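The following exercises concern charged pairs and surface patches in a protein chain. Please work through each task before reading its solution.

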Amino acid sequence: MGKTMLILLFFCIVILAIPLTQCVELEPKAVEEWFEKLPHAKQKLTKFHFYYHDVVSGKNPTAITIAQPNTTAKPPIFFGIVNMIDDKLTVGPDPNSPIVGRAQGFYGSADQNEFSLLMTLNFVFTSGEYNGSTLSMLGRNPLFHEYREMPIIGGSGVFRLAQGIATANTYSFNTTSGDAVVEYHVVVLHYE
């Protein structure tokens with residue numbers, strides 16, 4: 001079998017396997033049928049606890065600056081800096097603990113008076129019963145507060161029309177590298 005055929009076969013297997021990671025059908029007709037059943041669906045409460053690893057240093061950062069103004073991005077506020085992220089979510093604070101998903105999106109320093117971020121991201125679950133589903137978070141994250149509450153405004157897959165709260169607490173912050181580990185407790189209402 002030639003190299004081109006092997007590559008083609010690999011992509012066919014990957015394309016066919018992608019729908020198998022979803023717990024919910026995504027075709028437009030299936031989504032429409034799901035909405036028609038929604039008035040009779042029960043709400044379910046689901047709780048998560050995981051650690052978010054924001055790595056801005058080293059050879060393989062998971063958060064990189066994509067926008068930075070010339071005049072206002074100065075310590076301690078860094079107003080106007082925007083970072084794109086693909087941070088891993090793990091069961092424990094150790095970066096080598098089992099991965100449950102990724103936090104993908106961006107955050108930017110959006111406050112001129114204190115170090116506070118606008119967080120816009122998806123928690124993308126990559127293992128377990130929620131593999132392939134996402135939760136969307138959009139909110140203000142005042143970093144020097146012990147606990148920060150941000151809304152869950154939706155989701156996909158199992159979490160269609162989810163709503164809830166994510167509570168963040170900084171577990172560790174390396175003042176030299178800027179890397180951080182943040183503990184998250186997430187509570188969401190979604191439909192069965």
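**Exercise 1.** In this predicted model, determine where Phe-106 is placed and which nonpolar surface patch includes this residue.

*Solution.* Phe-106 belongs to strand β4, which spans residues 99-109. Its relative accessible area is 34%, so Phe-106 is classed as partly exposed. A patch residue must have over 30% relative accessible area. Together with Ile-64, Ile-66 and Met-84, Phe-106 makes a nonpolar surface patch of about 350 Å².

**Exercise 2.** State how many salt bridges the whole structure contains, and describe the one between Arg-102 and Asp-86.

*Solution.* The search finds three salt bridges. In the pair of Arg-102 and Asp-86, the closest N and O atoms are 3.0 Å apart. Because Arg-102 lies in strand β4 and Asp-86 in strand β3 (residues 82-90), this pair ties together parts 16 residues apart in sequence. Arg-102 is partly exposed at 23% relative accessibility, and Asp-86 is partly exposed at 31%.

**Exercise 3.** Identify the network that contains Arg-140, and decide whether Asp-111 is buried or exposed.

*Solution.* Begin with Asp-111 and Arg-140, whose side chains form a salt bridge at 2.9 Å, N to O. Asp-111 is in the loop between β4 and β5 (116-125), and Arg-140 is in strand β6 (residues 134-142), 29 residues apart. Next, Arg-140 forms a salt bridge with Glu-114, with the closest N and O atoms 2.8 Å apart. Shared partners thus join Asp-111, Glu-114 and Arg-140 into one network. Finally, consider accessibility: Asp-111 has a relative accessible area of 13% and is therefore buried, the cut-off being under 20%. Arg-140, at 42%, is partly exposed.

Terms used. Residues numbered from 1 in each chain as written. Predicted model: local features only at pLDDT ≥ 70, side-chain atom pairs only at ≥ 80, totals over all residues. Heavy atoms only, no water. Patch = residues over 30% accessible without salt bridge, like charges linked within 9 Å, V, L, I, M, F, W, Y side chains within 5 Å. Areas by Shrake-Rupley, 256 points an atom, 1.4 Å probe, with all protein chains shown as cover. Salt bridge = Lys/Arg side-chain N within 4 Å of Asp/Glu carboxyl O. Helix = DSSP H or I, 4+ residues; strand = E, 2+ residues; numbered from the N terminus. Buried < 20%, exposed > 50% of the residue type's maximum accessible area, 1.4 Å probe, protein only.
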